[in-house]
Amino acid sequence: MKKSFYGKILASSVIAVLLSGTLFADFPLMQNGKSVCTIVVKKGASPVEKHAAEELAKFLAKISKGEKPVIAEKAVNGTKSIRFALTDDKRLKDEGFMVKTTKNDLTFYGRQEVGFLYGVYELLKKYTTIRWLVPGDDGEYFTVQKNITVPEGEWISNPDFFFRNINWGAASVASPKWDSYDWMLRNRLRIFDIPQTVLRPELKAELKKRAAVIQDGGHCFTLLLAGYYIDGRKNKDVTKDFHKMYKEHPEYFPLINGKRTFLEGQKYQPCTSNPDVIRIMAENLLKNVQQTCSQTPGGCYRLVNNDGTGWCQCENCKKLDLGSNMMTNRYWTFMNQLIDYVKKREPNAKLNTIAYQNFQEAPTQILPDKRFATMELSFNRICYRHRLDDPNCLTNSNYYRMHKDWQKLSEKIKIPLVTYGQINVFGSAFMPIEYIYPDFMRLYYKLGIRGIRPQMPPPDGKYSKKYDKYPMTKLCWYGMWQTMYTFAEQSWNIKTDTDKLTEEINTLYYGKAAWEAGMRDFRKLLSKAFLETPGCYGHGHSSPLGRCLDRPGVHEQLLKYLDAAEKAAAKDPDKRALAHVQRERKIFAMTWEKFRKDYLANHREIRSYRRSAPVKIDGNLDEPDWKKADTVSGFKLTNNTGFAKNQTYVRVFHEEENIYFGVECMEPMTDKVTEDTREALDGPVWQDNTVEFFLNHPDLANSYYQIIVSSAGKVFDHYVTPGSKPDRSFTSGIEVKTKKLKDRWILEARIPTAPLGEKCFDGQAWKVNVLRARKINGIVMHSGVPVESSTWSIGTPHNVGVFLPVNFCKERSVNKDGAELDTRVWRNGSFNEVDKKKHKNNPARQIKDGKKPSSWHFSGKKVVASLEGSPEDPKAHFLRINGIVANDYLGKSEKVKIRFRVRGTGFVQFAWYCYDIKNGRRLHKKSIYFYKENIDSKEWKDIAMEVPLPKFDLTKFAAGFYPKNANSTMDFDEVYITASGK
């Protein structure tokens, strides 16, 4: 057999023995495919020991392509012995193992029986080439090894993380998941699962021999109050009694907005200050521990609130908060009462709990009871685009602080820390985080965390029909298999060389030729594109995955890498290589490419964030604001025949006095672009290779400023009013720098707003078009038509009606939970953003097709409304309404400018609807009407006004339409509110 990476492992082991000063003979397991050992399993051995013996025999035979070793109660004459034994050797941690070989015996030792399984699998990985990369036969790799030996001596292996598990998510409790369970054990993870799975009659025996541990509980407050899963009662009977409890004792249930509310779903928590609630839940918790968790060694109960942030608002409950606006003190007061009750009656009960939702901060007043077995930090909204300790990531810097606070508290109260990571994003996408997740784990370990549990749907699980709409659920593991494998290896040995490991496993999985031909570069570029896209990404973040292909040339290059890899894999004798590359292409199409298509199709409004750092106009788009800016692409040919082959990528940000554009024009012939104009300003630049900016602010009606910039940096600008001769006396004052690279040319521009007659105020929206005209020397087109003319909008580039809105927002930021904020002070003034969830109609609300404009709310006794598309662009909506519609204005200024377009027949009035906030509800205080008019116009009428902003805690602007008669219609569009001056 040719020398390989695995041979180097064996060689290094021999060298280590030589350096120790003692030379041992090898202990043979298989010789020329024949077994020379007996696996000794005594009568009455546990299911785990028997399974370890069976697994060892099976894989020795498979790897050697020979006979199975005999499993017997004593060694067959003439053979060596392989044995299993429990030990109290203090050098071993609970799940650690030791392998000891002498001349005639090899023994697997463990403090727990699961150590037998870990020892068997690790011995096989250490002294043969076998690897289990993904669940099932598809992920099993080895080369035939007729002779298998182990050096004499002993070696000890202990896990660095005591808790190493996967949270399945989505899969049915009836799912056997045998491939995934076996993958876990073979990579030294522990199976923790709910009792409905572990104790299921058809699964129980197989899970028992895999040392599965019951972890009951979860989001359990309703379960404990109602008494589900105890005393052998059927769920339907428990549910019936629970409704009876609500009728007889409504005080057990949460007071929400002045009413005791039944606990349905996971939205609210019980009244946790009620002594009877505490008693009932504590008694049921004790029964769960005694009747269920005790069924497996190490069985535990995971105490977690119902999965919602609604808590009882009664006075007794609020007193428990001790003045805090978080639930931290209330939560730990309640948790401590429950564990105290159970521990006094069952001292060995193992209860775990978590820091989560609005009690995720480390407490400083009411501390968790020291008798909790573990504390899980369930920070779901961690961003996996940035390192956890990245100070520039507002999301992770907050969570990093929380981790350090919990580390200090853990040292004080001696509760081990575990972390949970929702890395699958509910199976809707895959994140290429195999290069950053190991950094997370190393930092977790440094912070004192000794347990880790990512969430990932099992590829062999059973799923309800609702997941048919999410086909990536079953494929998610395969999109992130490198991360999963690295997680398993590093959770046992935190010092694992993950770079070396990544090379090894990918070479196997895709085949050496395909990995080197394109897959290595594909995964690295995929990771780079993911990590460098602005905004945070992970569960609960709004940054669209479709933006990951914003950077010029990335999409095309990724496809080229896949093509090269697929071509190489087709020649690989292992057919799995080609199948794996093709599956990667399929996953890429189902996620990144699909979301990219959706993003380009629906990205109707462009956000320009306020400048946050100095910018030098030098043709290098490397300042922080360029990196944080959204990228707009998907340029369409002006002849309406599809997308441009050579794409253009535009970024924009602003300050009041300037608007900045960064443009990257993909160009395979940068040395041949036409640059004949010599005049620096106002020469015939349009005859050259150019980018054109069309700028229309709200005061311009259908007029616009046009600025043309060539790839040589020459400028032409003028002011255009349709039907009139352009005003060439206009000078924009643009500061511009262009730069040519091998595959593109770059334009960086700063356009002052003073010559345009309007500043860039937060909340305002300008209508903008960007046109690219490719002109190449040597390629002659009729009448000077460019080789390729494309815009970021549609149709003719000079039609203001199809320009796209650019919304001026505050600086990019996230909230305290790490979710990216919508920093617009006025949202969806164009009505182009549509709520994803369809509006349900009722007698008072008749909404066409259920399509409601995002951020807007209907009011009044009756509303009839629809979102209509314009003839020029069906996806550019206006609102047709009979009723009242309202939207929040979040700006701060004494006066505001209000602009809108209206047409139809009826009486229109606009008002400030002013509210106070109490217990999360808006209480209407006053309506201030500032515009009333009868409208009777078939054409759009532009209306502008300046009005004072009322001084209330929250103001809500409402555009209300009251028609003259039932058949009247009224249309609204481009409704914008901006600050009037500073």
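Helices (H or I, at least four residues) and strands (E, at least two) are DSSP runs, numbered from the N terminus. The model is predicted: local features need pLDDT of at least 70, side-chain atom pairs count only at pLDDT 80 or more, and totals for chains, interfaces and linings use all residues. Residues are numbered from 1 along each chain as its sequence is written, and side-chain values use heavy atoms, with hydrogens and water left out.

Strand β14 spans residues 213-219 and contains Gln215. The strand is mostly covered, with 5 of its 7 residues buried (under 20% relative accessible area; exposed is over 50%, partly exposed in between; 1.4 Å probe, protein chains only). Gln215 counts as buried because its relative accessibility is 12%. Its contacts (heavy atoms within 4.5 Å), leaving aside neighbours within four places in sequence, are Phe163, Phe192, Asp193, Ile194, Pro195, Cys300, Arg302, Asn352 and Arg453. Strands pair if DSSP finds at least two bridges between them. Strand β13 (residues 192-193) runs parallel to β14 and is joined to it by 2 bridges. Here Asp193 has Ile214 of β14 as its bridge partner. Strand β17 (residues 300-304) also pairs with β14 in the parallel sense, over 5 bridges. Asp216 stands opposite Tyr301 of β17.

Two further sheets were examined. The first is an open sheet of 6 strands with mixed pairing, in the order β4-β3-β5-β7-β6-β11. Its edge strands, β4 (70-72) and β11 (153-157), each pair on one side only. The twist averages 20° from one strand to the next. Within this sheet, β5 (residues 80-86) and β7 (residues 105-110) pair in the parallel sense over 6 bridges. Arg83 stands opposite Thr107 in β7. Helix α3 (residues 114-127) packs on the sheet and touches β5, β6 (97-101), β7 and β11. The direction of α3 makes about 130° with that of β7. Axes are lines fitted to C-alpha atoms, for helices over the stretch in contact, and angles run from 0 to 180 degrees between N-to-C directions.

The second is an open sheet of 3 strands, ordered β2-β1-β10, with antiparallel pairing. Strands β2 (34-35) and β10 (148-151) are its edges, and each pairs on one side only. Strand β1 (residues 26-31) pairs with β2 in the antiparallel sense over 2 bridges. Met30 stands opposite Ser35 in β2. Helix α3 packs on this sheet too, touching β1 and β10. Its direction makes about 105° with that of β10.

Helix α11 (residues 328-345) has 18 residues. From first C-alpha to last it reaches 26 Å, close to the 26 Å expected at 1.5 Å a residue (1.5 Å times one less than the number of residues). Buried residues in α11 include Tyr331, Trp332, Phe334, Met335, Leu338, Ile339 and Val342. An α-helix has 3.6 residues a turn, so residues three or four places apart point the same way.

Aromatic contacts were then surveyed. Rings of Phe, Tyr and Trp (its six-membered ring) pair if their centres lie within 6.5 Å; planes under 30 degrees apart count as stacked, over 60 as edge-to-face and the rest as tilted. The whole structure holds 61 aromatic pairs. Phe242 and Phe262 form a tilted pair, 5.3 Å centre to centre with 50° between the planes. This pair links distant parts of the chain, 20 residues apart. Phe242 lies in helix α8 (residues 235-248), and Phe262 in the loop between β16 (259-260) and α9 (275-291). Both Phe242 and Phe262 are buried. Tyr356 and Phe359 form an edge-to-face pair, 6.5 Å centre to centre with 75° between the planes. Tyr356 and Phe359 are likewise buried. One aromatic cluster comprises Phe221, Trp311, Tyr331, Trp332, Phe334, Tyr356, Phe359, Phe372 and Trp406.

Charges also sit over rings (NZ of Lys or CZ of Arg within 6 Å of the ring centre and within 35 degrees of the ring normal). Arg583 lies over the face of Tyr478, 3.7 Å from the ring centre. The charged end of Arg903 sits over the ring of Phe878, 4.9 Å from its centre.

Pro438 is found in helix α13 (residues 437-446). Pro438 counts as buried because its relative accessibility is 3%. Beyond its neighbours within four places in sequence, Pro438 is in contact with Ile433, Thr486, Gln490 and Thr498. The C-alpha atoms of Pro438 and Thr496 are separated by 9.2 Å, although the two residues lie 58 residues apart along the chain.
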